[in-house]
Amino acid sequence: MAIAPKYTPNKPKDAGLEARQKLGWWHAYRFLILRRITQLSIILMFLSGPMWNFWILKGNYSSSMLFDTVPLTDPLITAESLATGYLPEMTTLIGAFIIVLFYAVVASKTFCSWVCPMNLVTDAAAWLRRKLGIRQSLKISRELRYVILGVILVGSAFTGSLLWEWINPVAALGRIFVYGLGATLWLVTVIFLFDLLVAEHGWCGHLCPIGAMYGLIGAKSLVKVNVVDRARCDRCMDCYNVCPEPQVLRIPLHGKPEDSPIVLAKDCITCGRCIDVCAENVFAFGSRFEKQINIKNL
């Protein structure tokens, strides 16, 4: 009778260490670095006007113009406007359509991991939380963000105002980058401390209605994280420790033989960190139609 091998999970603070040692520094951080380059590049696009008098992106994360030509509009603020009974200008609707089409086709919640400036804040809190060994968390349902999204839209319909825009931390952080530190800094600080001390991945993983909106938009998107070979997994837990939405990994990684090895859950933010930190190369980017190369169940 075969004896199942014993696995020893890595400590959360050491997530990625094994990948660095076996595969090199670049492999362990490549998608994280590319995400940071993308996020900071977008911030610089907003700053190009004030700094160099050449506007690449004019506006903010809620509504902007690319090269003064292409409108880009946050789908949530557009949905709020429609809920109030107000029909936005055609440029706003076109901007929302462009954004919805892009994220519906490309990958699930890539706005959250590759564009949103709040990701810089929440990732910093998650990293510090792992390093300090803070594991106690307030238990919050991950479905709460969808409830909050619904409340915002219904509340906007009843009040006739854009409720979310009063406290939108993404827009607030964007204003800090463009206009400097101001009254909205407290909101960003609260979210950082909430993620650090109260609930692990609390904001993005449980509360953010913007992420909920993009999760619904990108639910059937093309690019997905795939489990290349379940048999390679040594249960080191590094992927679970760094993933903002670890629940999306369970079925593709440890599911039944008939379960798909593709991370199809709408809450995956397509950040690539599970690919980065996996020393066994269990994960890879692919499409939702990827062939199941090897889905042997452990």
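These are my notebook entries on the two domains of this predicted model and what lies between them.

**Domains.** I began with the domain assignment, which gives domain 1 (33–217) and domain 2 (224–287). I then looked up how far apart they sit: their C-alpha centres are separated by 25 Å.

**Interface.** Next I asked how many residues of each domain take part in the contact. I found 18 residues of domain 1 in contact with 16 residues of domain 2. The size of an interface is often quoted as the accessible area lost when the parts come together, so I looked that up too. About 1,300 Å² is buried between domain 1 and domain 2, and carbon and sulfur atoms give 42% of this area.

**Polar side of things.** I went on to the pairs across the interface of domain 1 and domain 2. The rule finds eleven residue pairs in polar contact there, and it also finds four salt bridges. On domain 1, the side touching domain 2 takes at least two residues from each of α5 (110–115), α7 (144–159), α10 (202–207) and α11 (209–217). The largest share of that side, four residues, is supplied by α5. I also noted a salt bridge between the side chains of D267 and R145, at 3.3 Å from N to O.

**Core.** Which members of the largest nonpolar core touch the most others? In this set of 51 residues, they are M118, I210, L249, L253 and F283. I was pleased to see that both domain 1 and domain 2 contribute at least three residues each to this core.

**F283.** I finished with the contacts of F283, setting aside neighbours within four places in sequence. Among them are V225, V227, V228, C239, C274 and C278, as well as L249 and L253.

Key:
Residues are numbered from 1 along each chain as its sequence is written. This is a predicted model: local features need pLDDT of at least 70, side-chain atom pairs count only at pLDDT 80 or more; totals for chains, interfaces and linings use all residues. Side-chain values use heavy atoms; hydrogens and water are left out. A nonpolar core is a set of buried Ala, Val, Leu, Ile, Met, Phe, Trp, Tyr and Cys residues joined through side-chain atoms within 4.5 Å. Buried means under 20% relative accessible area, exposed over 50%, partly exposed in between (1.4 Å probe, protein chains only). Domain bounds come from an automatic or database domain assignment. Contact means heavy atoms within 4.5 Å. Buried area is the accessible area (1.4 Å probe) that two parts lose on being put together, summed over both. A polar contact is a pair of N or O atoms within 3.5 Å; within protein, one must be able to donate a hydrogen and the other to accept it, and residues adjacent in sequence count only if both atoms are side-chain atoms.
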